[in-house]
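Dear colleague,

I am handing over the structure we spoke about, and below it you will find my notes on what came out of it. Please read them with the structure open beside you.

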Amino acid sequence: MSYKRPSQRQPCTLRPLSAELSPLHRSDGSASLKCGNTHIMAAVHGPIAPRVPNRERYDRGVVSVAFSKGLLMMANSAVSGGVGSDSVAGQGASGETHANNFLTGMTPLPVPLPSGGGATERELEYFVRDALSSCILLERYPRCVIQVVIQIVQADGGALGTSLNCAVLALMDAGVAMRGVPVASTCIVINNLFDEKIACEKMDFDGANESASKEVIWLDPTAEEESGEGHAVVVLVTDAAALSKNSSAEKLNSEEERIITSFTYGSSLSLSGLLASVASTEQSSAAMLAFMRLALEQKVQREAQTLWA
């Protein structure tokens with residue numbers, strides 16, 4: 001049984017990516033990341049001394065993550081196209097937010113963006129914070145806090161994973177020391193089960209039916225694909241730097257070390273579906289790591305030309 005994606009993409013095809021480093025000038029590091037129609041901005045402040053003394057740790061730093069506003073989701077699925085700089089600047093002003101939402105056909109929604117996710121905004125902040133803390137050399141910043149502020153300008157699927165990737169770019173822009181590069185990949189796991197009558201007819205007496213247990217994986221889903229029923233959405237965070245260093249013979253031994261954390265919601269997810277999602281996200285993690293490297297190289301080259309011009 002085959003499933004056609006509403007976005008008319010292949011199951012393993014990613015949406016177009018675009019990024020900009022240092023779009024904000026009042027922060028130590030910032031980044032803007034677009035994945036299709038999903039647009040995220042992140043700013044990093046620090047390492048700085050915490051305002052609340054109880055939050056500091058004498059032997060390591062602390063990471064703080066906050067979403068500045070609620071999500072903005074497409075009010076009409078027929079609306080297409082990215083968000084320009086003018087619309088981003090307009091949504092930044094609190095007095096013109098509702099007017100711009102009406103003009104762009106978007107409505108504010110609470111976190112998380114998919115209906116039925118079941119997670120609060122605080123839980124999603126903890127998810128991003130734990131993923132970033134595992135890859136930052138916090139022992140180099142004792143008694144300091146690293147504040148990460150995430151602004152979801154436009155959400156059209158994969159907003160949580162794109163938010164984490166944008167935060168990683170902002171940390172790189174701020175020069176924060178990291179032991180790895182956490183990369184989030186979002187996918188949909190569909191249980192490719194036959195109709196009950198057809199499955200019973202084709203099933204052997206031993207109960208073995210390999211074709212009825214296969215899963216279909218859709219990488220980088222849109223909001224329309226995430227809102228469907230009968231599937232599970234998996235946000236898998238892996239250490240892409242460790243994946244690029246390991247050879248094919250060492251991948252099996254380092255499988256558990258690569259996976260940092262995961263976030264799932266939707267329908268029930270089987271073990272085979274989870275393993276299939278892990279195998280499918282390796283390619284997307286490598287592609288995102290190469291894109292991050294390209295974005296950093298372009299920034300360094302641009303700054304070098306401006307410095308010595």
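In what order do the strands of the open sheet of four strands follow one another, and is their pairing parallel or antiparallel? The order is β9-β8-β10-β11, and the pairing is antiparallel. At the edges of this sheet stand β9 (215–219) and β11, each of which pairs on one side only, and the twist from one strand to the next averages 25°. Within it, β10 and β11 are joined in the antiparallel sense over seven bridges, and one pair you can look up directly is Val-235, whose bridge partner in β11 is Phe-263.

Please keep in mind throughout that this is a predicted model. As a whole, the protein comes to nine helices and 11 strands, and 45% of its 309 residues count as buried. Among the contacts with a separation of 6 or more, 78% are between residues 24 or more positions apart.

The other sheet

There is also an open sheet of five strands, which runs in the order β1-β2-β3-β7-β4 and has mixed pairing. Its edges are β1 and β4, and since each of them has a single partner strand, one side of each is left without a neighbour in the sheet. Neighbouring strands here are turned against each other by 15° on average, if direction is ignored.

Going through the pairs, strand β2 (residues 29–35) and strand β3 (residues 38–48) run antiparallel and are joined by seven bridges, with Ser-32 having Met-41 as its bridge partner in β3. Eight bridges then join β3 to β7, again in an antiparallel arrangement, and here Ile-40 has Ile-152 as its bridge partner in β7. The pairing of β4 with β7, by contrast, is parallel and extends over six bridges; Val-62 has its bridge partner in β7 at Val-145. Strand β7 itself is mostly covered, with seven of its 10 residues buried.

The helices α3 and α4

Two helices touch strands of both sheets, and I would suggest looking at them one after the other.

Helix α3 (residues 121–133) has 13 residues and reaches 18 Å from its first C-alpha to its last, which is close to the 18 Å expected at 1.5 Å a residue. Its buried residues are Leu-124, Glu-125, Phe-127, Val-128, Ala-131 and Leu-132. Because these residues cover an arc of only 155° around the axis, they sit on the same side of α3. They pack against β4 (62–67), β7 (145–154), α4 (159–174), β8 (182–191), β10 (231–239) and β11 (259–266). Towards the five-stranded sheet, α3 lies across β4 and β7 and runs at about 145° to β4, while towards the four-stranded sheet it lies across β8, β10 and β11 and runs at about 160° to β11.

How many of the 16 residues of α4 are buried? The number is 14, so α4 is largely enclosed by the rest of the structure. The end C-alpha atoms of α4 are 22 Å apart, which agrees with the 22 Å that its 16 residues should span at 1.5 Å a residue. This helix lies across β8, β10 and β11, running at about 165° to β8, and it also packs on the sheet that holds β1, β2, β3, β4 and β7, touching each of these strands, with its direction at about 145° to that of β2. Just after α4 comes Gly-175, which takes a positive phi of about 75°.

A buried arginine

One residue deserves a separate look, namely Arg-5, which is found in the segment before β1 (17–21). At 3% relative accessibility Arg-5 counts as buried, because the cut-off for that class is under 20%. The side chain of Arg-5 reaches the backbone oxygen of Gln-10 at 3.0 Å, and a polar atom of that side chain also lies 3.3 Å from the backbone oxygen of Pro-11. Leaving aside residues up to four places away in sequence, Arg-5 touches Gln-10, Pro-11, Thr-13, Trp-218, Leu-219, Asp-220, Pro-221 and Glu-225.

With best regards

Key: Residues numbered from 1 in each chain as written. Predicted model: local features only at pLDDT ≥ 70, side-chain atom pairs only at ≥ 80, totals over all residues. Heavy atoms only, no water. Buried < 20%, exposed > 50% of the residue type's maximum accessible area, 1.4 Å probe, protein only. Polar contact = N/O pair within 3.5 Å; in protein donor to acceptor, adjacent residues only side chain to side chain. Contact = heavy atoms within 4.5 Å. Expected span 1.5 Å × (residues − 1). Arc of directions from axis to C-beta. Pairing = 2+ DSSP bridges. Axes fitted to C-alpha atoms, helices over the stretch in contact; angles between N-to-C directions.
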